[in-house]
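Reader: Please take a close look at the pockets of this model. What lines them, and which parts of the fold supply the residues?

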Amino acid sequence: MQSKTTVKLRASAVSPSHSLSNISVRDVSFAIDEPVERGGTNLGPTPTDTALSALVGCTNVIGHKCADVLGVDIGHLTISAVCDFDRLGVTLQQEVDVPFVKILLTVEADGPATQSELDLVSAEVGKYCPLAKLFRQAGTIIEENWKSTHS
């Protein structure tokens, strides 16, 4: 049996205020909200924080899939993302074509993989991670730094 190559992803929300959206995806629920200083209730990350977090999560999942295919033991990953975000659009001051200007993605692997193996995994992740592709094709610069913490 061949798996489908295109599937429908679904999300829905009940939004009881101007900032809070209670999201449902499959059988999982979570909140997206604004911080108190922007009139929210701080019950969850902002929409932009959620997008950046999705890149982190996708890097983990696709990173492990690519490493498995390549036969590379990356162990567990610790991933951080720092984004230069242009707020002119979200503050309605000016339309911004590339609000996520640049993302520095640092990936630390605790497995025995060598630096050259990590570089290979990183290159494969760039090919297959849908969130990285989404950001890059929107014009965001993603700088990735994969390194080993294995001693």
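Author: Helix 1 gives the most to the lining of the largest pocket: four residues. This is a predicted model. The pocket itself has a volume of about 470 Å³. Two elements give two or more residues to its lining, namely strand 3 (28-32) and helix 1 (47-70). In total, 14 residues line the largest pocket. Lying nearest its centre are L9, R10, A11, V25 and F30. By class, the lining holds ten nonpolar residues. Three more are charged, and one is polar.

Now the second largest pocket. Its volume is about 240 Å³. Helix 1 appears again here, with the largest share of the lining: four residues. Strand 4 (77-85) also supplies at least two, as helix 1 does.

The lining can be listed by residue. It includes P47, T48, D49 and L52. C83 and F85 belong to it as well. The rest of the lining of the second largest pocket is E34, R38, T46, R87, V90 and F100. By class, this lining divides into six nonpolar, four charged and two polar residues.

Put together, helix 1 is the element to follow. Helix 1 gives the most to the lining of the largest pocket, and the largest share of the lining of the second largest pocket comes from helix 1 too. The other named contributors are strand 3 for the largest pocket and strand 4 for the second largest.

Definitions and conventions
Residues are numbered from 1 along each chain as its sequence is written. This is a predicted model: local features need pLDDT of at least 70, side-chain atom pairs count only at pLDDT 80 or more; totals for chains, interfaces and linings use all residues. Side-chain values use heavy atoms; hydrogens and water are left out. On a 1 Å grid over the protein atoms alone, a cavity is a set of points where a 1.4 Å probe fits but cannot get out, and a pocket is an open set with protein on both sides within 12 Å along at least five of seven lines; lining residues have an atom within 4 Å of a point. Grid points are joined across faces, edges and corners, and a volume is the space filled by probe spheres set on the points. Ala, Val, Leu, Ile, Met, Phe, Trp, Tyr, Cys and Pro count as nonpolar, Asp, Glu, Lys and Arg as charged, and the others, Gly among them, as polar.
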